[in-house]
Amino acid sequence: MARKSQSQRTQEARELLVAYRAAGFGEGEWAVKFLTSMISQMDRSRYPSKRQRERIDAMVTEGIPTPKGDIKLLEKMDAAVTYWTATNDREWECSVLTDMRGRVFNDWNLSGKQVKLLDRIIKRHED
């Protein structure tokens, strides 16, 4: 594989970060935090280590991950967070939905209490 310049790798990381945010990944997601940290580091003229460069390149090659969980539920969750964030309302509900989004995205099992809470919050948004 050809070597990449620092400016090319930085630009690719910036584009990938924009794509992650457009896809609904929050600031708490590992990939977003990693890319933000690496971009900040490269902006300060500190080049990432070999493993960090390899991880950035692998993430660029893979692109945005596809959801393994319920896509309709993810859309409802994103709509609720977007609506409540725009109106500066229901901060707690937004944080719960943002936290649970990763679990639903990865199709991890939710406890009974989590399912009930998620249903109540989604219903509250729909009402």
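A residue is called buried here when its relative accessible area is under 20%, exposed when that value is over 50%, and partly exposed in between. By this criterion, 32% of the 127 residues of the chain count as buried. The structure is a predicted model, and what follows should be read with that in mind.

Seen as a whole, the chain contains 6 helices and 0 strands, so that, by the DSSP assignment used here, the order of elements from the N terminus on reads α-α-α-α-α-α. Taken along the principal axes, the C-alpha atoms fill a box of roughly 55 × 30 × 20 Å. Among the contacts that join residues at least 6 apart in sequence, 58% link residues that are at least 24 apart. The surface that the chain exposes amounts to about 8500 Å², and carbon and sulfur atoms supply 50% of it. As for charge, the chain carries 23 positive and 19 negative charges, and the mean positions of these two sets are 6 Å apart.

A useful place to begin at the level of single residues is helix α1, which spans residues 6–22 and includes Glu12. Glu12 has a relative accessibility of 18%, and because the limit for a buried residue is set at 20%, Glu12 counts as buried. Once residues up to four places away in sequence are left out of the count, Glu12 touches Lys4 and Val60. Of these two partners, Val60 belongs to the stretch 50–62 that forms helix α3, and the contact with Glu12 can be followed in the structure from one helix to the other.

Further along the chain, Ile64 sits in the loop between α3 and α4. With a relative accessibility of 29%, Ile64 counts as partly exposed, since that value falls between the limits of 20% and 50%. Leaving aside neighbours within four places in sequence, Ile64 is in contact with Leu16, Ala19, Tyr20, Ala23 and Phe25. Ile64 can also be related to Leu17, from which it is separated by 47 residues in sequence, while the C-alpha to C-alpha distance between the two is 9.5 Å.

Phe25, one of the residues in contact with Ile64, leads on to the largest pocket, whose volume is about 340 Å³. This pocket is lined by 20 residues, and those nearest its centre are Gly24, Phe25, Gly26, Thr98 and Arg101. The elements that give two or more residues to the lining are α4, residues 71–86, and α5, residues 91–105. Helix α5 gives the most, with 7 residues.

Two loop residues deserve attention for their backbone geometry. Ser45, in the loop between α2 (30–43) and α3 (50–62), has a positive phi of about 65 degrees although it is not a glycine. Ser45 is exposed, because its relative accessible area of 64% is over the limit of 50%. Asp107, found in the loop between α5 and α6 (112–126), likewise has a positive phi, near 60 degrees, in a residue other than glycine. Asp107, however, has a relative accessible area of 49% and is therefore partly exposed.

Definitions and conventions. Residues numbered from 1 in each chain as written. Predicted model: local features only at pLDDT ≥ 70, side-chain atom pairs only at ≥ 80, totals over all residues. Heavy atoms only, no water. Helix = DSSP H or I, 4+ residues; strand = E, 2+ residues; numbered from the N terminus. Buried < 20%, exposed > 50% of the residue type's maximum accessible area, 1.4 Å probe, protein only. Contact = heavy atoms within 4.5 Å. Areas by Shrake-Rupley, 256 points an atom, 1.4 Å probe, with all protein chains shown as cover. Lys, Arg positive; Asp, Glu negative; His and termini not counted. Charge placed at Lys NZ, Arg CZ, Asp CG, Glu CD. 1 Å grid on protein atoms, 1.4 Å probe; cavity = no way out; pocket = protein on both sides within 12 Å on 5 of 7 lines; lining within 4 Å. Points joined across faces, edges and corners; volume = space filled by probe spheres on them.
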